[in-house]
Amino acid sequence: DRDDLLDGGAQHFVDCIKEARALSPKTLLEILVPDFRGRMDIALRIMTECPPDVFNHNIETVPRLYKAMRPGSDYQHSLNLLKMFKEYCPDVPTKCGLMVGIGETEEEVISLLDDLRAHDVDYVTIGQYLQPSKQHAPIDRFVTPEEFERYAEHGRKLGFRNIWSAPMVRSSYFADRQYHGEPVPAVRRKTDPAKKIAVQAIEA
């Protein structure tokens, strides 16, 4: 966040996009932006000079939990930012991520997905919240794989280009694969070679 700047840091995003494309023209660029609160109009006008391939802004959680989890942010403002960017750049996909397991209900997440689709969001990521430190909010619960799948199914019915909903998903998680329409990758678990050999011996 660059609230000290009149454009909220939008020009820096544009400068980085231009430089990256000059050095690697075939590289697809997804950017994760702040909410540009108080500077949204000027920031988005600047972003149209050289928009990314995907415009990502994370809404993080349901509106009821904003005061506790995102006291400096505003739920409706984040929705408006995503929708307004789409109005400026209708051909550029928008993306939004949220975390679950911090006190929300399933009904609230479903309602949030409805809001995202109503504001023309194209891609969605939903992952399990993990407490980064003791100073951060504690985990309320570990969301089941079945619940994650219900969110994905609802998102598919709403018509998102792609929705990834699974415990380890984050907003940048294999972003290129999500962009190209692939399903969420399964978590690969490392196998101890010695245990694998022992299992094979038993099976034999």
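The exercises below, each with a worked solution, concern a predicted model of a protein chain.

**Exercise 1. Describe the protein chain as a whole: which elements does it have, and in what order do they run?**

Step 1. Start with the elements: the protein chain has eight helices and five strands.

Step 2. Read them from the N terminus on, which gives α-β-α-β-α-α-β-α-β-α-β-α-α.

Step 3. Add the dimensions. The C-alpha trace spans about 65 × 45 × 35 Å along its principal axes.

Step 4. Add the surface and the interior. The accessible surface is about 11,600 Å², and 54% of this belongs to carbon and sulfur atoms. Of the 204 residues, 42% are buried.

Step 5. Look at contacts between residues at least 6 apart in sequence: 71% of these join residues at least 24 apart.

**Exercise 2. Work out how the sheet is built: what is the order of its strands, and which are the edge strands?**

Step 1. The five strands form an open sheet in the order 1-2-3-4-5, and their pairing is parallel.

Step 2. Strand 1 (30-32) and strand 5 (162-165) each pair on one side only, which makes them the edge strands.

Step 3. On average, and with direction ignored, neighbouring strands of this sheet are turned by 15 degrees against each other.

Step 4. Recall how such pairing is made: strands of a sheet pair through backbone hydrogen bonds, either parallel or antiparallel.

**Exercise 3. Examine strand 4: how many bridges join it to strand 3 and to strand 5, and are its residues buried or exposed?**

Step 1. Towards strand 3, strand 4 pairs in the parallel sense over six bridges. Towards strand 5, four bridges are found, and these two strands also run parallel.

Step 2. Take Tyr123 as an example of a residue with a partner on each side. Lys95 stands opposite Tyr123, and in strand 5 the bridge partner of Tyr123 is Asn162.

Step 3. Sort the residues by direction. Tyr123, Thr125 and Gly127 point one way from strand 4, while Val124, Ile126 and Gln128 point the other way.

Step 4. Draw the conclusion: six of the six residues are buried, so strand 4 is largely enclosed by the rest of the structure.

**Exercise 4. Place helix 4 and helix 6 against the sheet: which strands does each lie across?**

Step 1. Helix 4 (residues 75-88) lies across strand 2 (54-56) and strand 3 (94-100), and runs at about 165 degrees to strand 3.

Step 2. Helix 6 lies across strand 3, strand 4 and strand 5, and runs at about 170 degrees to strand 5.

**Exercise 5. Classify Ser78, Glu149 and Leu130: is each one buried, partly exposed or exposed?**

Step 1. Recall the cut-offs: under 20% relative accessible area is buried, over 50% is exposed, and anything in between is partly exposed.

Step 2. Ser78 lies in helix 4. Ser78 is buried because its relative accessible area is 0%. Leaving aside neighbours within four places in sequence, its contacts are Asp35, His57, Ile59, Tyr66 and Arg70.

Step 3. Glu149 is found in helix 6. With a relative accessible area of 39%, Glu149 is partly exposed. The C-alpha atom of Glu149 is separated by 21 Å from that of Ala118, 31 residues apart along the chain.

Step 4. Leu130 is found in the loop between strand 4 (123-128) and helix 6 (145-158). Its relative accessibility is 40%, so Leu130 counts as partly exposed. Together with Phe142 and Met168, Leu130 makes a nonpolar surface patch of about 320 Å².

Notes: Residues numbered from 1 in each chain as written. Predicted model: local features only at pLDDT ≥ 70, side-chain atom pairs only at ≥ 80, totals over all residues. Heavy atoms only, no water. Patch = residues over 30% accessible without salt bridge, like charges linked within 9 Å, V, L, I, M, F, W, Y side chains within 5 Å. Areas by Shrake-Rupley, 256 points an atom, 1.4 Å probe, with all protein chains shown as cover. Salt bridge = Lys/Arg side-chain N within 4 Å of Asp/Glu carboxyl O. Buried < 20%, exposed > 50% of the residue type's maximum accessible area, 1.4 Å probe, protein only. Pairing = 2+ DSSP bridges. Axes fitted to C-alpha atoms, helices over the stretch in contact; angles between N-to-C directions. Contact = heavy atoms within 4.5 Å.
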